[in-house]
Amino acid sequence: MSNAVKLFKEHEHLIPKGSPVPNRRILVVDDEPEIAQGIQRILSPQQNQVIPLRSSRGSAKPEEKQKSEFEVVVVNTPQRALEEIKKSIESNNPFAVGFFDVMLGAEMDGIELVQKAFQIDPRLFAVFVTAYHDRSVDSIGNFLGEESREKWDYINKPFTEGEILQKARNSTSLWDLNRLKDWQADRLSEAHQILLSVEKQNAVAAIGRSVAHEFGNLLTHIIGHAEIAQMSDQISEIKNSLDIILKAGNTAASVLKNFRNLNEAHDKEADFKIHNIMHIIDEAIELMEFRFRRHNIKVKKTGLASYSAEVNKSSIIQVFANLFINAIHAMPQGGELLIDMKEEDSSVSLSVKDSGTGIDEKILSRVTEPLFTTKGSEGSGLGLAICKEIIEVEHGGSFKISNHPKGGVVVQFMIPQMKEKNNGFI
Amino acid sequence: MDLFDVNTSTLSDKTVLIVDDDKTIRDIIMQNLRGIGFQRFLHAGNGVEAHKHLHNPKNSISLILCDWDMPVADGLTLLRAVRGDELLKDIPFIMITAQQTQERLKISQAAKYKVDAYIVKPFQAETLRKKVLQVLFGKNEGQKEPA
């Protein structure tokens, strides 16, 4: 058993069900039957013997019962080779490796054949079997191109048994490792999506807490004044109470509408529409209103009063909510939050600046890294990383965080006015 | 504890300090308490303003009603300052909080500093009045009540 096969046996629980790993299927393509069968004999002695022997001797010898390390399919023409590869893909039983003779004595040589084979099965690994007078290794590389560089190798004729076995073991192991890598990349991307959605929920929850507070106060207004009005016999006092009740009801309705929009938009992925950015900022401010007031933070807006751009509204609210939460943490004794909006080269340039103590220069470059946090167990370490991702990946903009020369942290980001096609979330 | 159980005529002499950053809520509390006989009120929008009232020798404050969430200095900060001050530490203190999951933590924090009662927003006049009377008269069935 090769090391790679052993490794896979030990880590079987990590390998997804139905995965073709470990794959020891090999295709041998050679127009000379002696060479093709020679390779087959080396790679799969039993397979090679059993077929002719079974009918004549009945049962195989005990040592022949041991399963061959490789399952080998031999073909003699490019056409048959392509048919086998197609069949292997259709039956979800792919080849890990193909041994391709370069001079096939057909309308198509081994290198052209491999190029076609890669189109059918991009995961296939090719080993060229070349003689010195065949095409040079460089010319194979040039023909197949840079993108296929990791997908082929060669062996010179004449070869020894050991060389063929070693090539077969190395290249099938490589195939397995690449599948495992693909599979892990998929898991990582799934995990990333889960983190993204959890962080969205965290932002919504933080906004929710602020909204709950606001509602506590507004309901106190409503209940308190309804009772005052009930007890009163003066029309002017009753009217005053009704005014306050109406105002509280309207404010609550508006906060609730914003909150509901946030949650509903949140369900629709990558919902890009033309929005007035200032309205989005105002909604985010209104949702966090209670926490700003509670922490004695004054919010000031400068620059453009209005600018329309094609954005995913819930994502942009999430960016502002995250930046506001950070700013509130940065200014525990209160302060000023400046939001500036400018137009720059068909983009909107936004900046959010707090009046806190700034970020230690030593860690500044790390604050947008995922899982980096200075807030201990209170921070998920994802807030700024997600903001950066929303702006740069989802909206094709740019995102920068720095210490302002006059103190405090300033986050500057640009969003293109129109979302470019092919630039969306995967 | 109900209105009929206590001698409410004494309430007109007592000064109530109402601390909330929301003026409408301060006014509602004031009007509710007026309804049972209170007449003297002091208002503060945060803990720092409240502390100034408490340290003014002209004010003899009998009860503090304080919101938890306020700018500058919050309810817990004021509660700790009051309980840590020899002259103020016995003033009954009622904490007003918004209803949400984190309130449990707040209540246990406040309990450490001996808060006398809690009122959860939104509240009704009846709840407010009952808690106030309980805090002022309920502890030892009228012992605290001057004749």
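User: How far apart are the end C-alpha atoms of helix H10 of chain A, and what should its 18 residues span?

Analyst: Happy to work through it; keep in mind that this is a predicted model. Helix H10 of chain A covers residues 277-294, and at 1.5 Å a residue its 18 residues should span 26 Å. The end C-alpha atoms agree with that expectation, as their separation is 26 Å.

User: At which residue does H10(A) bend, and is that residue buried or exposed?

Analyst: The bend in H10(A) is about 60 degrees and falls at A:Met288. The buried residues of this helix include A:Leu287, A:Phe290 and also the residue at the bend. So the pair you asked for is A:Met288, buried.

User: Which element gives the largest share of the side of chain A that touches chain B?

Analyst: Good one! The contact takes 20 residues from chain A and 19 residues from chain B. On the chain A side, the elements giving two or more residues are helix H8 (161-231) and H10. The largest share, 14 residues, comes from H8(A).

User: Which are the edge strands of the five-stranded sheet in chain A?

Analyst: The sheet is open, with parallel pairing and the order S2-S1-S3-S4-S5. An edge strand here pairs on one side only. That description fits strand S2 (71-75) and strand S5 (152-156) of chain A.

User: Which residue in S5(A) stands opposite A:Thr130?

Analyst: Strand S4 (residues 125-130) of chain A runs parallel to S5(A), and five bridges join them. Opposite A:Thr130, in S5(A), stands A:Asn156.

How values were computed: Residues are numbered from 1 along each chain as its sequence is written. Chains are lettered from A and ligands numbered from 1 in the order in which they are written. This is a predicted model: local features need pLDDT of at least 70, side-chain atom pairs count only at pLDDT 80 or more; totals for chains, interfaces and linings use all residues. Helices (H or I, at least four residues) and strands (E, at least two) are DSSP runs, numbered from the N terminus. The expected span of a helix is 1.5 Å times one less than its number of residues. The bend at a residue is the angle between axes fitted to the seven residues ending there and the seven starting there. A residue is buried if 20 or more other C-beta atoms lie within 10 Å of its own, exposed if 12 or fewer, and partly exposed in between; C-beta atoms are placed from the backbone. Two residues are in contact if their C-beta atoms, placed from the backbone, lie within 7 Å. Two strands pair if DSSP finds at least two bridges between them.
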